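Let's go through this one side chain by side chain, with a few questions along the way. Have a look at it first.

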Amino acid sequence: MENDTTTQDTARPLTHRIALVAGATRGAGRALAVELGRAGATVYVTGRTTRDRVSEVGRATETIEETAELVGAAGGAGIAVPTDHLEEDQVRALVERIDREQGRLDILVNDLWGGEHLLVGSVFGKKSWETPLADGLRILELGVRSHVITAALALPLLIRSDAPLLVEVTDGTAEFNRRYRDNLYYDLAKTAPIRIAFGLGEELAAYGGTAVAVTPGFLRSEQMLAHFGVSEENWRDAAAKEPDFAVAESPYYLARAVAALAADPERAARWNRESTSSAELAKVYGVRDVDGSRPDAWAYFDEVKFRGQPGTPDDYR
């Protein structure tokens, strides 16, 4: 029996760990919740879209209840808590509930965003002064203020853990984001989480903690697949319209990599205050995407698209 238990713990290294994935309705957040659950964690999943209510994103097809069920199907315990992370009272109530039910929090994943619907019409291709101010400020609320509120209210519970982990999910590594990200509001929204991880890593170090910023590559989220009119089964068909999409990755690539990081007893020494990507983590931890590939979209965009080196998306899979 002892050997069986040891084997089980090795296969499920996050057993007895408590995680909160803030922004787990869809995309990377949903996959992160599922993979943390697969590794054995109890996962609180939050978001604004439920089976009874749809957020401003306008997609009723993904809900936090469904995410919690997927966590359970993967072998974890998924607990859906409807939460708008811009509402302090709701976040306080969430943290109080986790404290009441679990007594601590080990892993906090800040995957809060929900601003894609603002980008095409209001941001991309526009100067900052051409962007409607209300839309620009909403992007900062969704991509920055929500992260700050959640960290401020959850960290007092997180530091009760013997190895607290904060994961800030963004778009682009610190190195890649030295480039201007098309529009002031988007640039700020996607560079701020990197600085949040850097700063809070300084503060968490005294508690043996780790704060790390992570980014997927070209993500095959539900919204992106819908944008191209494809599904996960035939996603490569979208490359006919957008050739760069051939380097795209599923949300589970980042999620598997982060789950491996969360299970790494040396993670503080390796990753605290750092900015990294799904591709870098995959190489370190031997992770592959659902199709067995190991895509590196950021290297592709940097080397081929920006520096003009020869190569195709398939060269970076």
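A salt bridge here is a side-chain nitrogen of Lys or Arg within 4 Å of a carboxyl oxygen of Asp or Glu. This is a predicted model, where local features need pLDDT of at least 70, side-chain atom pairs count only at pLDDT 80 or more, and totals for chains, interfaces and linings use all residues. Residues are numbered from 1 along each chain as its sequence is written, and side-chain values use heavy atoms, with hydrogens and water left out.

Q: How many salt bridges does a search of the whole structure find?
A: Side chains of opposite charge can pair when their charged atoms come close. Searching the whole structure for such pairs gives a total of 25.

Q: Which residue forms a salt bridge with Glu101?
A: Glu101 lies in helix α4 (residues 88-102), and its partner lies in that helix too, four residues apart, or about one turn. Helices (H or I, at least four residues) and strands (E, at least two) are DSSP runs, numbered from the N terminus. The closest N and O atoms are 2.9 Å apart, and the partner is Arg97.

Q: Is Glu101 buried or partly exposed?
A: Buried means under 20% relative accessible area, exposed over 50%, and partly exposed in between (1.4 Å probe, protein chains only). Glu101 has a relative accessible area of 38%, so it is partly exposed.

Q: Are Arg181 and Asp171 buried or exposed?
A: Their side chains meet in a salt bridge at 2.8 Å, N to O. Arg181 and Asp171 each lie in the loop between β5 and α7, so the pair ties together parts that are ten residues apart in sequence. As for accessibility, both residues are buried.

Q: How many residues apart are Glu202 and Arg273?
A: The side chains of Glu202 and Arg273 meet in a salt bridge of 2.8 Å, N to O. Glu202 sits in helix α7, while Arg273 is in the loop between α10 (267-271) and β7 (275-277), so to speak of distant parts of the chain being linked fits: the separation is 71 residues.

Q: Which residues are linked with Arg48 in a network of salt bridges?
A: Some of these charged side chains join up beyond simple pairs. The network that holds Arg48 also takes in Glu56, Arg138, Glu141 and Arg145.

Q: What kind of aromatic pair do Phe218 and Phe301 form?
A: Rings of Phe, Tyr and Trp (its six-membered ring) pair if their centres lie within 6.5 Å; planes under 30 degrees apart count as stacked, over 60 as edge-to-face and the rest as tilted. The structure holds eleven aromatic pairs. Phe218 and Phe301 are 6.2 Å centre to centre with 45 degrees between the planes, and their pair is tilted.

Q: Why does the Phe218 and Phe301 pair tie together parts of the chain, and how many residues apart are they in sequence?
A: Phe218 lies in the loop between β6 (210-215) and α8 (222-228). Phe301 lies in helix α12 (residues 297-306), so the pair joins parts whose separation in sequence is 83 residues.

Q: Is Phe218 buried or exposed?
A: Phe218 has 17% relative accessibility, so it counts as buried.
Its partner Phe301 has a relative accessible area of 17%, and that residue is likewise buried.

Q: Why is the pair of Trp235 and Phe245 edge-to-face?
A: The ring centres of Trp235 and Phe245 are 5.8 Å apart. Their planes are at 85 degrees, so the pair is edge-to-face.

Q: Which residue has its charged end over the ring of Trp235?
A: A charge sits over a ring if NZ of Lys or CZ of Arg is within 6 Å of the ring centre and within 35 degrees of the ring normal. Trp235 itself is buried. The charged end over its ring is 4.0 Å from the centre and belongs to Arg220.

Q: Over which ring does the charged end of Arg179 sit?
A: Arg179 is in the loop between β5 and α7. With a relative accessible area of 25%, Arg179 is partly exposed. Its charged end is 4.5 Å from the centre of the ring of Phe306.

Q: What is the phi of His16?
A: His16 is in the loop between α1 (2-11) and β1 (18-22). At 66% relative accessibility, His16 counts as exposed. Although it is not a glycine, it has a positive phi of about 75 degrees.
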